[in-house]
Amino acid sequence: MKTIFEMSRPGRRAASLPCSRVDERFCQMSQLPPELRRSEPAELPEVAEIDLVRHYTRLSRINFGVDVGTYPLGSCTMKYNPKFTEVAARLPGFAGLHPLLPQLRRGGLLAQGALRVIYELEQLLKQITGMDAFTMQPLAGAHGELTGIMLMAAYHNDKGNQKSLVLVPDSAHGTNPASAAIAGYQVVTVPSKNGVMDPTAFKEMLNDQVAGVMMTNPNTVGLFNPYIAEIAEAAHRADALMYYDGANLNAIMGYAKPADLGFDIVHLNLHKTFGTPHGGGGPGAGPVGVVERLQDYLPISRVDMRGDGTLFLDYDHPKSIGYVAPFYGNFGVCLKAFAYILALGGEGLKEVSQDAVLAANYLRVKLGDKWQVAFDRPCMHEVVFSAEDKVAQHGVSALDVAKALIDEGFHPPTIYFPLVVKEAMMLEPTETEALENLDALVAAMGRIADKAAADPEALHAAPITTPVGRLDEVNAARHPVLQEPLEA
Amino acid sequence: MRFTPHTPEDRAAMLAALGLGSVDELFAVIPEPLRARSWDLPPGMSEPEVSQYLAKLAGLNAQNLVCFLGGGFYDHHIPAAVDALISRGEFYTAYTPYQAEMSQGILQSIFEYQSAVCRLTGLDAANASLYDGGTALYEAAMMAVRKTKRKKLIVCTSVSPIYRIMLRSYTINLHLELIEADVSDPAALEKLLDQDTAGLILQNPDFFGVLHDYAPHFEAVHGVKGLGILGCNPIALAVAKTPAQMGADIAVGEGQPLGLPLSFGGPYLGFMAVREALLRTMPGRIVGRTHDGQGRTGYCLTLQTREQHIRREKATSNICSNEALCALAAVIFLGLMGKQGLVELAELNMTQAAYARERLTAIDGVEPVDQGPWFNEFRVRLPIDARVAVSRMIDKGIAAGFPLGRYYPDQSNNLLVAVTEKRSKEEIGYLAEGLEAVL
């Protein structure tokens, strides 16, 4: 399909701007001296509004979202995104609110509604996780991880601890080691045993250099680590902090709280657990919660309540790590998550976890006939299969299976992750897929398994129903074309 | 309200397939002593109840103030087509386009966004977005540190003070030397440059709305083999000398002016463009054009060996989710404005601000601070504390600007005033008349 630039016709336009609203003579003041002016206007498209609307509508139609069909992309919690939350985020009282307004004198009083959203969401997240305080500033999950490690560093610096290591299990999301590294720590990988971080290996690797350990529980294999209390106790004895990656919180709401499991710092992915749309890869929101002994280090500002019940932004936290975002986080995303939590309530959230875990186990059992499950025991909200046997027997890889699923009308699972499982296929159905959708997925996977034996070549050719087939990614990386070339 | 489709019969059927009697059995793996001891959350609410509650909260915000607040975040008009298009569920409810064949829509739109950012900045390659202007500046600074293997960053005090606080926060444990100084004058800069200088960070227009030519500054930093980083306002780029023309190596900025609502601070959009030589050290997702086996053109995520899911602790950044939907909004906004429209929008902003500046500086006791030229924002010196003046103006229904004393203690009487295309001549008149009355 042509790009918007290729559709451009000189002189065509869509912009509707007011004519100069002030005296003509001020227009001269908008003329910059030549040394400050760009030599040529930027070659932006020249299109009519209808052309542009059709262009992006056509593009939307060759894109797949949760609104289109089942999207069991493991670790990403692609659940249904309720529409009413969008309306809430677009209320002019929220959408039009300038973030500097509260910094004006008496300004907090001008944004009481927005501060109330942040304050109440904090109370709800505290109850859900057992943590003592939250910041809404982190703008995505990985940003929450970075914030969490910065908090860890602030804690150790404050205590005069000299620590340089962060332990991360081999099953961790790539963001965990990356976050620890860019925060200035050296990362040490802890091996798994039977799918979960091995407590014995962990204890052997633990020493007084360890600042903290980053865990996801249930982990990326979909398994709850039953040794968590023992791990946390050992970590705390070494004055290492326990970091909880909340990517998989959708599995345990109402059943376990990260604080009770021994964690000191958590980040939550509001866009995963609390149903805000993923937007084709963001925006997300990654609030971070901490136990009491870490709350002095949280980013500023923090929303606090005065004696008269009004809310204000409190910048007076001298031990704070500072600003990790310019203001109060991705407020629009927080607002949608707040609406979601209010709608579901405590029982609804617990039911979310029940149904998410039930659906994943249903897939585990139903797919078990034809597919090799990585760890044959009850899972939490996601389940990992391996195509290793299909590769050996038929030369059909996880990638082939994924592409064949596209032709069946499904978004594929996460593939080749977690790294601890060869030819991994990680399915997370979430709680919002109806039984008939799960059955349809099972049936499609069954057909693919059969085809792997009968006609593996057909699977190598998949997908065939999409506007393009498998793309030459090697060419894309070797000869990068990253923008529409300018016409000479 | 529930969004789970399961009927009691569905659940029973699934449990039966598992050979279980109750769903609680699935949680048996969580040791009893670790189970949640409380679950003290409010009961659920219906859609109208939640909607009414949120509308009530929205009503507690001062939504009808006439806005002259800027500081890097502006009250621009958002064409209706932006929201109509980004609200398409196929975009909205997708995730990162790992499966290219079924994600060509978001991939091509990001490719178009990257193209637009390159054309605005004049640089060679752009990424698919970062979280916001502040984190983009931090990522750019870290690129300079990595690329030069040096430790010293020089940041001009006319760079957003909010972003400078962010930079301090992010770098405090990294054993870097972060020097914040007024280096508007190249002579002042020369004194700070040395063989340990990784990068120089400037902003155009600067935090006070003044446009500059930083070519001499970037030439100087290149003289010591450091990198030049320029923070930009994307609408000002329609008319201002480009980062490429000035010799910057990395351009970053806040994309909020490109069709994103103010939304109390986010979600926003960090954009980044670099020279070719820096491409493989750039953080974040990048979309490239390639072809399939039949020669059909398609788009995919590329250069992924920089990224955390491949390189883990050796990645150029930890970024995973970025701001794809905001990038989509930005490219739609830029398409709607178009080549001429964006120039007109920029000039209209400058004209409006020029008028407001004349009106305000005509008031007895209100003085201009800078010589200009300005984009859509400027500072004036008031005869009283700017916070007091702004506070009084709120009673008149006007958010008159940002009192600079908060971030610049020696500027407590200075007010930063932003004027976009949305402000009418009458509103600018109210601002001037109101300010005259409260001083």
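Among contacts in chain A between residues at least 6 apart in sequence, what percentage join residues at least 24 apart? The share is 72%. The model on display is a predicted one, and the tour below proceeds from chain A as a whole to selected parts of chains A and B.

**Chain A as a whole**

Select chain A and colour by secondary structure. The chain holds 15 helices and 15 strands. Its radius of gyration is 25 Å, close to the 23 Å that the globule rule gives for 488 residues, so chain A is as compact as a globular protein of that length. Along the principal axes, the C-alpha atoms of chain A occupy a box of roughly 80 × 60 × 45 Å. Of the 488 residues of this chain, 60% count as buried.

**Where chain A meets chain B**

Next, display both chains and select the residues that lie between them. Here 174 residues of chain A are in contact with 166 residues of chain B. Which helix of chain A gives the most to the side that touches chain B? Helix α10 (residues 331-367) of chain A does, with 23 residues. Colouring this side of chain A by class shows 104 nonpolar, 43 polar and 27 charged residues.

**The two domains of chain A**

Return to chain A alone and select 85-342, which is domain 1, and then 346-474, which is domain 2. The centres of domain 1 and domain 2 of chain A, taken over C-alpha atoms, are separated by 30 Å. In the contact between them, 19 residues of domain 1 of chain A meet 19 residues of domain 2 of chain A. On the domain 1 side, the residues divide into nine nonpolar, nine polar and one charged.

**The four-stranded sheet of chain A**

Now select strands β12, β13, β14 and β15 of chain A. These four strands form an open sheet with antiparallel pairing, in the order β12-β13-β15-β14. Strands β12 (372-373) and β14 (414-415) of chain A stand at the edges, each with a single partner strand, so one side of each is left without a neighbour in the sheet. Two bridges pair β12(A) with strand β13 (residues 383-386) of chain A in the antiparallel sense. To see one of the bridge pairs, select A:Gln372 together with its partner in β13(A), A:Ser386. Adding α10(A) to the view shows this helix lying across β12, β13 and β15 (424-427) of chain A, at about 25 degrees to β13(A).

**The two domains of chain B**

Turn to chain B. Its domain assignment gives domain 1 (66-77 + 338-438) and domain 2 (80-332). Their centres, taken over C-alpha atoms, lie 28 Å apart. The contact takes 22 residues from domain 1 of chain B and 17 residues from domain 2 of chain B. On the domain 1 side, the elements giving two or more residues are α12 (324-361) and β12 (377-381) of chain B. The largest share of that side, six residues, comes from α12(B). By class, the same side of domain 1 of chain B has 12 nonpolar, five polar and five charged residues.

**The seven-stranded sheet of chain B**

Select strands β2 to β8 of chain B. Seven strands form an open sheet of mixed pairing, in the order β2-β8-β7-β6-β5-β3-β4. Which strands are at the edges? They are β2 (125-126) and β4 (177-181) of chain B, each pairing on one side only. Strand β3 (residues 152-156) of chain B runs parallel to β4(B), and five bridges join the two. One pair to select is B:Leu153 with its bridge partner in β4(B), B:Leu178. Helix α6 (residues 133-148) of chain B packs on the sheet, touching β3, β5 (197-204), β6 (227-232), β7 (250-254) and β8 (270-274) of chain B. The direction of α6(B) makes about 160 degrees with that of β7(B).

Then select helix α7 (residues 161-171) of chain B. Its buried residues include B:Ile162, B:Met166 and B:Tyr170. Among the elements that cover the buried residues of α7(B) are α6, β3 and β4 of chain B.

**A hairpin in chain B**

For the last stop, select 287-301 of chain B. Four of the five residues of strand β9 (residues 287-291) are buried, so β9(B) is largely enclosed by the rest of the structure. Five bridges join β9(B) to strand β10 (residues 297-301) of chain B, and the two run antiparallel. B:Val287 has B:Leu301 as its bridge partner in β10(B). The hairpin has five residues between the strands, and in it B:Gly295 takes a positive phi near 85 degrees.

Technical notes. Residues numbered from 1 in each chain as written. Chains lettered and ligands numbered in written order. Predicted model: local features only at pLDDT ≥ 70, side-chain atom pairs only at ≥ 80, totals over all residues. Rg over C-alpha atoms; globule rule 2.2 N^0.38 Å. Buried ≥ 20, exposed ≤ 12 C-beta atoms within 10 Å, placed from the backbone. Contact = placed C-beta atoms within 7 Å. Nonpolar A, V, L, I, M, F, W, Y, C, P; charged D, E, K, R; others polar. Pairing = 2+ DSSP bridges. Axes fitted to C-alpha atoms, helices over the stretch in contact; angles between N-to-C directions. Domains from an automatic or database assignment.
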